[in-house]
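Subject: Handing over a structure, with notes on what was found

Dear colleague,

I am passing this structure on to you, and since you are new to it, I have written out what was found below. Please look through the sequence and the structure before reading on.

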Amino acid sequence: MPGVTDNEVRPRGQAWAAAVIGLVAGAAGLGVAELVAGALAPKASPVTVVAGVAVDSSPAPLKEWAIRTFGTNDKTVLVGGILVVLVLIAAGLGVLGRRRPGLARLGFAAFGAVGVAAAVSRPDSALLDVLPSIAGGAVAAWALVPLLRRAWPAAEPEWSSPRPAEPRPEPPAADGGVSAPSPAGGPSRVAGTGTELGAGAVAGADPAAGPALAAGTVPAGGGGAERPAVMRARPGDLDRRGLLTGAVTGVVVAGAAGLAGRALGGRSVAEAARTTVALPPAARPARALPGGADLRIRGLAPFVTPNRDFYRVDTAIVVPQVDPRAWTLKIHGMVGRPIEITYADLLRRPLVEADVTLTCVSNEVGGSYIGNARWLGARLADLLREANIQPGADMLLSTSDDGWTCGTPVDVTLDGRDALLAVAMNGEVLPVSHGFPVRQVIPGLYGYVSATKWVTDIKVTRFDRDEAYWTPRGWAPRGPIKTQSRIDLPRDRATVPAGRTTVAGVAWAQHRGVDAVEVSVDAGPWRPARLADVPGPDTWRQWVLDDWQATPGRHTIQVRATDAAGRTQPQAEAPPAPDGATGWHTITVQVS
Ligand SMILES: Nc1nc2c(c(=O)[nH]1)N[C@H]1C(S)=C(S)[C@@H](COP(=O)(O)O)O[C@H]1N2
Ligand SMILES: [Mo]
């Protein structure tokens, strides 16, 4: 860009100041977007919808990588990453705005447009969801110029400049640009065209501001063959006080609007409703856990995973807030009699209790995306029979309140296992992050094909007609859980004293059951581990080998399980995608 002469006189620090202004304008936009979202469209804050799109468009390898790298924090990292990108771009637009305010405004508007596009593309989008992004983009675009003008109030008498105080005309067509003519060099103003984007608003906002800054240099007509008369920019000093007051105002607006939005959004609707639910007793309580189900070894995963420690995996950036009074579940599609039931209806049904271990298909060998709980719920099979499923249907396509979908084989839900519409977890009303008010729990299938949280709809259909969320993203349509085992202690890469050492862990083969676990040290012979008791085939099973004689040096320990069908887990390593990881969990320890 021309404007060499400006460099000699332009005070240092202008670029950073403009970047700060861009940030403040962006923050004000985001704050207002939060406010509008909180008031009118709780699921449609721009960052949330953009993050949602990012999650939904990430293919299997990327999802695996994110889970592997960031664990359950993957969404926090994603939102953080989006914010970093926004910060960089807002700062860049601020810098651009010094010379090309109209273009910078368009940039902010474009960001609003990205938010709008993301919002309407969400599976559960509503009409009002476009508003937060529109408002945010508009506010950021608008705020930019008054803020810039405050920082460089060119017309002010105290505006110190070695240049003459009088504006002087710019010779037309100094640079090659035709379609988007720009004042060459430093902050300048397109005088008297009245056609620029946002010119009216800006002129009205601060009529005293004089020729310091362009209100916008992109002619609305888009043609702009005629270059308007441009005052030569006086580079002007940065008015630090103006910058500061503008920035503080913007930040206060951003913060207040953002906080108000959060408060209005009522993130705790479901949390509040949850505390008022009175759980009915189970019509068929679970059998008492066998005394030997938990070996109570320190460092070994407890048999029952406390709710607060239970892994969480889902695509929701903001945990869906479902009001149980408004909740219904529809069962429809290939049925003789469609059903719609309320939460109260569901609680009136005979509820059964079952101990079931959930596992995520993304769990790596040795990973922690597995947890065991006692669930209370209505039997899915009873409801399906009442709906009178048509012959030929082989898939239940369940949908959550936030539009996620899951495809479950029909036969699995009807074969007598405890396939539940669960309302409680470990004696507590279902936690909001685990699906309140109602989720599916189906023993034997990975979560992505069975465990729909916040479930609101079940369509009885066929695998050759419908596809669930993860299938086009590289995961298998069907996902029975593979027999697996994990070493919990010693910890991988731990240093342990020589002598008799306890090796312990968990193994699982849901709905088949674990029949044997074996341990091998330094690729030596397989030794059988002692198995803990289990209430049935649907939970994991603790195991222990308590007489390993550890000798000084480095040792490798491996584990493998055999299920009740007699199948031993294979050694061959496979990644989680497309249908679950395989291989033997292997750790190394240093014995001293
Ligand atoms: N609504 C919804 N339900 C969902 C998911 C999701 O993304 N959205 N993820 C599934 C997956 S992949 C798993 S492993 C389990 C995890 O359940 P949890 O978070 O209660 O442990 O939930 C399942 N149910
Ligand atoms: Mo999962």
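A molecule is said to sit in a cavity if more than half of its atoms lie within 2 Å of the grid points of that cavity. By that rule, ligand 1 sits in the largest cavity. Please keep in mind throughout that this is a predicted model.

Which residues come closest to this ligand? Of the 18 residues that surround ligand 1, the closest are Tyr-311, Thr-315, His-434, Arg-439 and Lys-453. Sorted by class, that shell is made up of 8 nonpolar, 5 polar and 5 charged residues. Among the polar contacts, the side chain of Lys-453 has an N or O atom 2.5 Å from an oxygen atom of ligand 1, while Ala-451 places a backbone N or O atom 3.0 Å from a nitrogen atom of the ligand. Ser-400 also takes part, with a polar side-chain atom 3.2 Å from a nitrogen atom of ligand 1. On its own, ligand 1 has 530 Å² of accessible area, and the protein covers 100% of it.

Turning to the cavities, the structure holds 6 of them with a volume of 30 Å³ or more. The largest has a volume of about 290 Å³, and it is lined by 22 residues, of which Val-313, Asp-314, Trp-404, Gly-447 and Lys-453 are the closest to its centre. The lining of this largest cavity divides into 11 nonpolar, 5 polar and 6 charged residues.

The second largest cavity contains about 90 Å³ of space. Its lining consists of 14 residues, and those nearest its centre are Asn-363, Tyr-446, Gln-484, Trp-508 and Ala-581; by class, the lining has 7 nonpolar, 5 polar and 2 charged residues. Where does the second largest cavity lie with respect to domain 2 and domain 3? Because domain 2 (307-473) and domain 3 (484-591) both give residues to its lining, the second largest cavity lies between them.

With best wishes

Definitions and conventions
Residues numbered from 1 in each chain as written. Chains lettered and ligands numbered in written order. Predicted model: local features only at pLDDT ≥ 70, side-chain atom pairs only at ≥ 80, totals over all residues. Heavy atoms only, no water. Near = heavy atom within 4 Å. Polar contact = N/O pair within 3.5 Å; in protein donor to acceptor, adjacent residues only side chain to side chain. Areas by Shrake-Rupley, 256 points an atom, 1.4 Å probe, with all protein chains shown as cover. 1 Å grid on protein atoms, 1.4 Å probe; cavity = no way out; pocket = protein on both sides within 12 Å on 5 of 7 lines; lining within 4 Å. Nonpolar A, V, L, I, M, F, W, Y, C, P; charged D, E, K, R; others polar. Points joined across faces, edges and corners; volume = space filled by probe spheres on them. Domains from an automatic or database assignment.
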